[in-house]
Amino acid sequence: MQAASLTPALRKWRAVLGLHFQDSLAYRAQGVVWILTDIIPTVTLPLMWLAAYGDRTHLRGFSKEGLVAYYLAVSVVSNLVFAHPWEIARDIKDGRLSIYLTRPFTYYGFIFASNLTWRLVRTMLYIPFFLVILAIFRHYLSWGGFQAGWEFWAALILAHLLSFQIAWLLGMAAFYLVEVGGIYEFWYMIGGFLAGQMAPLELLPEAVRAAAQVMPFSYVLWFPVQVFLGNLPQEAVTRGLLVQAAWTVVIWLAGQALWRAGLRKFTAVGI
């Protein structure tokens, strides 16, 4: 793309990001309610596991401090990376997709910008609650061994991209099915569990842990959290980054194929 055409494109997407940012702030009260629903497991799950320790200092390699750090990191990383397909499915089902098809930007880019700005706003709204959670678990806080180098930021960015590709792929189901709510609920339950949102994969049975590490879900949450906590050797970090990138590309290709096929179907019956 030449410089003359790059400048208008940057202005266009800056305007789109600004629009989504203002929209996210306009609904910040609703966002706080959603955050509160996420805070409940962030507080209760560590308390449940701490009670399960009893007199033990470690549980399957996790110290009490390490387990609390895991859930605290999960709460922050999940705010930054998780994407949801509801908006895509709603636009397709209600026919609003045709509005975006006539605008001077891609619908894919528009939804990506919407998710990115919402994730940033949501994280900013979460910070005061996170400080309260830190105070609750202050006796278990230990700051040694954390890794916030380029490997963590690369894992975080790839996790965000991978989560968005999964959400986009699920959103495409609305082209072919009348009701997709049940699929999404099933995905939230299974995907969150296999991503390590409910418990570290190390605490799951061996077969479940092995299955989770083959599928893409663990690379959305568990992997970047473990990189940040410094629980993985360099070889595992490098391999994990490559797997994250591979899953992102594969699911992106599948999502784009379903988008093109679904768009033809949507055009035939909707426009």
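User: Where do Glu-206 and Arg-209 lie, and how many residues apart are they?
Analyst: In this predicted model, both residues belong to helix H9, which covers residues 206-214, and they sit three residues apart, about one turn of the helix.

User: What do the side chains of Glu-206 and Arg-209 meet in?
Analyst: They meet in a salt bridge, with an N to O distance of 2.2 Å.

User: Is Glu-206 buried or exposed?
Analyst: Glu-206 counts as exposed, because its relative accessibility is 52%, whereas its partner Arg-209 is buried, with a relative accessible area of 18%.

User: Moving on, how many salt bridges does a search of the whole structure find?
Analyst: The search turns up three salt bridges, and the pair in helix H9, Glu-206 with Arg-209, is one of them.

User: Which residues are linked in a network of salt bridges?
Analyst: The network links Asp-91, Asp-94 and Arg-96. Within this group, Arg-96 forms a salt bridge with Asp-91, where the closest N and O atoms are 3.1 Å apart, and the side chain of Arg-96 also meets that of Asp-94 in a salt bridge, at 3.5 Å from N to O.

User: And is Asp-91 buried or exposed?
Analyst: Asp-91 counts as buried, because its relative accessibility is 2%, and the cut-off for buried is under 20%.

User: What about Asp-94, what does that residue count as?
Analyst: Asp-94 counts as partly exposed, at 46% relative accessibility, and Arg-96 is likewise partly exposed, with a relative accessible area of 31%. Arg-96 therefore falls between the cut-offs of 20% for buried and 50% for exposed.

Note on methods
Residues numbered from 1 in each chain as written. Predicted model: local features only at pLDDT ≥ 70, side-chain atom pairs only at ≥ 80, totals over all residues. Heavy atoms only, no water. Salt bridge = Lys/Arg side-chain N within 4 Å of Asp/Glu carboxyl O. Buried < 20%, exposed > 50% of the residue type's maximum accessible area, 1.4 Å probe, protein only. Helix = DSSP H or I, 4+ residues; strand = E, 2+ residues; numbered from the N terminus.
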